[in-house]
Amino acid sequence: MTRSRLLLTPEDRDAAERVGRLRRLGLGERPEPEFDAFADRLAALAAVPYAMVNFIDAHRQFFAGLHQSDSRPLTASAGPDGAPVRHLGREYGFCPHVVVRRKALVLEDVRDYPRFAGNAVVDERGVRSYLGAPLVDRTGIALGTVCALDVEPRPWGRAGLETIKALAAELVARIEQREDGGIRGEGDRGA
């Protein structure tokens, strides 16, 4: 469908710096129970079927934290263990735009925005609304996003925007605490 070609992933001039920072932090390569729990909490707060903690590198998005509806998974299962696929190309979804813009994004009905209506997650996955905020750390780098998605249009309103921004700030503080304490990746499972 030609509509899916309307969306242009924005130029990401910070990609190389972000990739280096993510590597130093040990983020964006594997799922983390702490981030899954965070995504579960976000999904419950927003009453949505999908929520993510998403780190973005030069070529893909990686869902280090993922909550998805069992009845309608956003990502496919892979491998014999049935674990969900936790990455998508940068051309999918809205998070790459949030990272490049470094601002929260509220799309009550993505079909109302020509720039976003043609995105593959709209046609292929049935996503109709999006609420996301960047994870900007102390170095000023937008590492990724926290986001909530629904299959129905949602009037997120000011309250939704303030909530997602507060949750992003909370998660950035946790990431920075991990860094300050020398805790990285899998070593943080007991926290």
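## Close-up views of a predicted model

Residues 24 or more positions apart account for 67% of the contacts in the chain with a separation of 6 or more. Keep in mind that this is a predicted model.

**View 1. The whole chain has six helices and eight strands.** Follow the sequence from start to end and you meet the pattern α-α-β-β-β-β-β-α-β-α-α-β-β-α. Of its 191 residues, 52% count as buried. The accessible surface of the chain is about 9,100 Å², and carbon and sulfur atoms hold 51% of that.

**View 2. Here is the largest nonpolar core, with 29 residues.** Which residues have the most contacts inside this core? They are Phe35, Val53, Phe55, Leu135, Val146 and Leu171. Several elements chip in two or more residues each: the helices α1 (15-25), α2 (33-46) and α6 (157-180), plus the strands β1 (50-56), β2 (60-68), β7 (129-136) and β8 (142-150). There is also a second, separate core of 24 residues, and Cys95, Val98, Val99 and Val121 are among its members.

**View 3. Now zoom in on Phe55 and the residues it touches.** Leaving aside neighbours within four places in sequence, Phe55 is in contact with Leu22, Leu27, Gly28, Phe35, Arg60, Gln61, Phe62, Ala64, Leu135, Leu143, Gly144 and Ile175. Two of those names, Phe35 and Leu135, are also on the list of residues with the most contacts inside the largest core.

**View 4. Thr145 sits in strand β8.** Is Thr145 buried or exposed? Thr145 counts as buried because its relative accessible area is 0%, and buried means under 20%. Its contacts, again leaving aside neighbours within four places in sequence, include Met52, Val53 and Asn54, then Cys95, Val98 and Val99, and also Ala133, Pro134 and Leu135. You have met Cys95, Val98 and Val99 already, as members of the second core.

**View 5. Helix α2 has 14 residues.** From first C-alpha to last, α2 reaches 20 Å, close to the 20 Å expected at 1.5 Å a residue. Its buried residues are Glu34, Phe35, Asp36, Phe38, Ala39, Leu42, Ala43 and Ala46. What covers them? The cover includes β1, β2, β8 and α6. Look just past the end of α2 and you'll find Ala47, which takes a positive phi of about 55 degrees.

**View 6. Helix α6 has 24 residues.** This helix reaches 35 Å from its first C-alpha to its last, close to the 34 Å expected at 1.5 Å a residue. Buried along α6 are Gly160, Leu161, Ile164, Leu167, Ala168, Leu171, Val172, Ile175, Glu176 and Arg178. Covering them are elements that include α1, α2, β1, β6 (105-107), β7 and β8.

**View 7. Gly157 lies in helix α6.** Gly157 counts as partly exposed because its relative accessible area is 32%, which falls between the 20% limit for buried and the 50% limit for exposed. Glu108 is 49 residues away from Gly157 along the chain, yet their C-alpha atoms are separated by 8.4 Å.

**View 8. Last stop: the aromatic rings.** The count comes to three aromatic pairs. Ring pairs link Phe94, Phe116 and Tyr130 into a cluster. Another ring has a charge for company: the charged end of Arg154 sits over the ring of Trp156, 4.5 Å from its centre.

Methods: Residues are numbered from 1 along each chain as its sequence is written. This is a predicted model: local features need pLDDT of at least 70, side-chain atom pairs count only at pLDDT 80 or more; totals for chains, interfaces and linings use all residues. Side-chain values use heavy atoms; hydrogens and water are left out. Helices (H or I, at least four residues) and strands (E, at least two) are DSSP runs, numbered from the N terminus. Buried means under 20% relative accessible area, exposed over 50%, partly exposed in between (1.4 Å probe, protein chains only). Contact means heavy atoms within 4.5 Å. Accessible areas come from the Shrake-Rupley method with a 1.4 Å probe; for residues, only the protein chains shown count as cover. Rings of Phe, Tyr and Trp (its six-membered ring) pair if their centres lie within 6.5 Å; planes under 30 degrees apart count as stacked, over 60 as edge-to-face and the rest as tilted. A charge sits over a ring if NZ of Lys or CZ of Arg is within 6 Å of the ring centre and within 35 degrees of the ring normal. A nonpolar core is a set of buried Ala, Val, Leu, Ile, Met, Phe, Trp, Tyr and Cys residues joined through side-chain atoms within 4.5 Å. The expected span of a helix is 1.5 Å times one less than its number of residues.
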